[in-house]
Amino acid sequence: MAEADPGDPALSLTTWALATFDVALFVLAALLPIHAAGALADLLSGLNTLLGVAVFCYLWALFVLAVRWVLSDAVLSDPLRSLVPRGVAAGSVAGVVFLLGVLVVAAGPGVVTGRIEPLSAFLIALIGGAVAAVVGSLVGLLLGAVDVALYKIASAALPDPPTRREDSASATPDRP
């Protein structure tokens, strides 16, 4: 399989595909137990479509940045042990940034208007950030392992892409 160029600043197809798969799997894994417990209707009753799409897009953007960062210094064909530290670190940072973004939107107006005590918001962010870092680390580890496994399965199942030939027109003997 073709590898993405790690030096390429553009969003590669590999990064986009992995981040999209990872965020969809993450959301399904998070929502299925809540649905099985019968609490999904209560959870979603306070949301509207626009807010749900905004949260999903924010989460997807974090996954894109995390996958891009992991792949900036490595490729999926590397051994899993070389990808684990970057996956754990990226998941941890993404978890904390997601929580902080949600807290800024949810509690920020309350802090500004004085309805929420700033110290309380700070403690929630501090304790929640520690929990989000641990959860994010585990998510990064698990999804990284899933990504590597899927990449290896795809590499074994799909043929190698054709290689590019040099420009044959310039190689003909009748052209200088």
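Contact here means that heavy atoms lie within 4.5 Å of each other. The structure is a predicted model, and the paragraphs below go from the whole chain to single residues.

The protein has five helices and zero strands. Read from the N terminus, its elements follow the order α-α-α-α-α. The protein has 176 residues, of which 23% count as buried. Its accessible surface is about 11800 Å², and carbon and sulfur atoms account for 73% of that area. Among the contacts with a separation of 6 or more, 79% join residues that are 24 or more positions apart.

Which elements give two or more residues to the largest nonpolar core? That core has 18 residues. Two or more residues come from each of α1 (13–36), α3 (49–72), α4 and α5. The most come from α3, which gives seven residues. The residues with the most contacts inside the core are L18, A19, F63, V67, L71, L76 and L83. One of them, A19, is in contact with W60, F63, V64 and V67, when neighbours within four places in sequence are left aside. In soluble globular proteins, nonpolar side chains tend to be buried together.

The next topic is the pair α4 and α5. Helix α4 covers residues 80–113 and helix α5 covers residues 118–157. Their axes come within 6 Å and cross at roughly 145°. The crossing of α4 past α5 is right-handed. The residues of this contact comprise 18 nonpolar, ten polar and no charged.

Two serines give a view of the contact from each side. S92 is placed in helix α4, and S137 is found in helix α5. Is S92 buried or exposed? S92 has a relative accessible area of 17%, so it counts as buried, the limit being under 20%. S137 is likewise at 17% relative accessibility and therefore counts as buried. Leaving out residues up to four places away in sequence, S92 touches A132, A133, G136 and S137. On the same terms, S137 touches V88, G91 and S92. The C-alpha atoms of S137 and V96 are separated by 10.0 Å, although these residues are 41 apart along the chain.

Two further residues of these helices have a higher accessibility than the limit for exposed, which is over 50%. V93 is part of helix α4. V93 counts as exposed because its relative accessibility is 53%. From C-alpha to C-alpha, V93 and V134 are 9.7 Å apart in space, with their positions 41 residues apart in sequence.

I124 belongs to helix α5. Why does I124 count as exposed? I124 counts as exposed because its relative accessibility is 52%, and exposed means over 50%. With neighbours within four places in sequence left aside, I124 is in contact with L103 and G129. I124 and L100 are 24 residues apart along the chain, and their C-alpha atoms are separated by 9.9 Å.

Technical notes: Residues are numbered from 1 along each chain as its sequence is written. This is a predicted model: local features need pLDDT of at least 70, side-chain atom pairs count only at pLDDT 80 or more; totals for chains, interfaces and linings use all residues. Side-chain values use heavy atoms; hydrogens and water are left out. Axes are lines fitted to C-alpha atoms, for helices over the stretch in contact, and angles run from 0 to 180 degrees between N-to-C directions. Helices (H or I, at least four residues) and strands (E, at least two) are DSSP runs, numbered from the N terminus. A crossing is left-handed if the near helix is turned anticlockwise from the far one by less than a right angle, and right-handed if clockwise. Ala, Val, Leu, Ile, Met, Phe, Trp, Tyr, Cys and Pro count as nonpolar, Asp, Glu, Lys and Arg as charged, and the others, Gly among them, as polar. A nonpolar core is a set of buried Ala, Val, Leu, Ile, Met, Phe, Trp, Tyr and Cys residues joined through side-chain atoms within 4.5 Å. Buried means under 20% relative accessible area, exposed over 50%, partly exposed in between (1.4 Å probe, protein chains only). Accessible areas come from the Shrake-Rupley method with a 1.4 Å probe; for residues, only the protein chains shown count as cover.
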